[in-house]
Amino acid sequence: MRIGVYPGTFDPITYGHMDIIHRAAGIVDKIIVAVAANAGKDPLFSLSEREKFVQQGLKRTHFNALYFACRQTFQSLLTHFCHSVQAKIIIRGLRAISDFEYEFQMTGMNARLDPGIDTVFLMASEKYQFISSRFVKEISLLGGDVTSFVSPRIATLLQQQFKKKSLLKS
Ligand code: ADP
């Protein structure tokens, strides 16, 4: 069985991420969406919230998501995590040339750490390619409608989260 790991911060999961998960169905037999703690990125949502959003997103997928896809959190080195779940494929998404340099370096480092693991890059459909969690947060912070990028539930939670933060500041 080919097991793939799709790692990311997923802060929050977007339709772009979901599109990559769908595409991965053609490449691996099972995908583990690995939600990284990534404290260095100072995520807006906690690790458990981000994991819950991924779980809800997977439930909405068209295929038998429970069999094909599952999610886990991880705080360790990605290659160690892959080893622990017996995955030999890392799935990453590429949006633009700007993603390439970072992804290229990360793939090179991971290949050094564990040459038995390969990284496969997928592109989301044209409709979702430009979506990034970072911009979704910025748009939401400024009061814009993000329901074409994330689920309505996540859009509402983003608004609530920003309200909570601004109340804490004042
Ligand atoms: P990370 O902090 O690891 O970059 P992200 O959640 O931002 O975590 O992204 C996880 C992966 O999903 C990355 O490989 C990223 O390039 C990819 N990705 C995110 N959004 C899209 C999108 N709209 N289209 C294609 N790939 C995407």
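This passage describes the largest pocket, the ligand surroundings and one buried residue in a predicted model.

The largest pocket has a volume of about 1300 Å³. Its lining comprises 47 residues. Nearest the pocket centre lie Thr9, Lys41, Arg92, Arg95 and Tyr102. Five elements each give two or more residues to this lining: strand E1 (3–8), helix H1 (15–24), strand E4 (89–93), helix H5 (97–113) and helix H6 (133–141). H5 gives the most, with 8 residues. By class, the lining of the largest pocket holds 23 nonpolar residues, 14 polar residues and 10 charged residues.

The ligand is surrounded by 20 residues. The closest are Tyr6, Thr9, Lys41, Gly93 and Ile131. Polar contacts to the ligand involve both side chains and backbone. On the side-chain part, an N or O atom of Arg95 lies 3.4 Å from a nitrogen atom of the ligand. An N or O atom in the side chain of Glu103 is 3.4 Å from a ligand oxygen atom. For the backbone, a polar atom of Ile131 is 2.8 Å from a nitrogen atom of the ligand. Arg95 is thus named twice, once among the residues nearest the centre of the largest pocket and once as a partner of a ligand nitrogen atom. Thr9 and Lys41 are likewise among the residues nearest the pocket centre and among those closest to the ligand.

Thr79 belongs to helix H4 (residues 78–84). The relative accessible area of Thr79 is 3%, so the residue counts as buried, the cut-off being under 20%. Leaving aside residues up to four places away in sequence, Thr79 touches Asn110, Leu113, Asp114 and Ile117.

Conventions. Residues are numbered from 1 along each chain as its sequence is written. This is a predicted model: local features need pLDDT of at least 70, side-chain atom pairs count only at pLDDT 80 or more; totals for chains, interfaces and linings use all residues. Side-chain values use heavy atoms; hydrogens and water are left out. Helices (H or I, at least four residues) and strands (E, at least two) are DSSP runs, numbered from the N terminus. Buried means under 20% relative accessible area, exposed over 50%, partly exposed in between (1.4 Å probe, protein chains only). Contact means heavy atoms within 4.5 Å. On a 1 Å grid over the protein atoms alone, a cavity is a set of points where a 1.4 Å probe fits but cannot get out, and a pocket is an open set with protein on both sides within 12 Å along at least five of seven lines; lining residues have an atom within 4 Å of a point. Grid points are joined across faces, edges and corners, and a volume is the space filled by probe spheres set on the points. Ala, Val, Leu, Ile, Met, Phe, Trp, Tyr, Cys and Pro count as nonpolar, Asp, Glu, Lys and Arg as charged, and the others, Gly among them, as polar. A residue is near a molecule or strand if one of its heavy atoms lies within 4 Å of it. A polar contact is a pair of N or O atoms within 3.5 Å; within protein, one must be able to donate a hydrogen and the other to accept it, and residues adjacent in sequence count only if both atoms are side-chain atoms.
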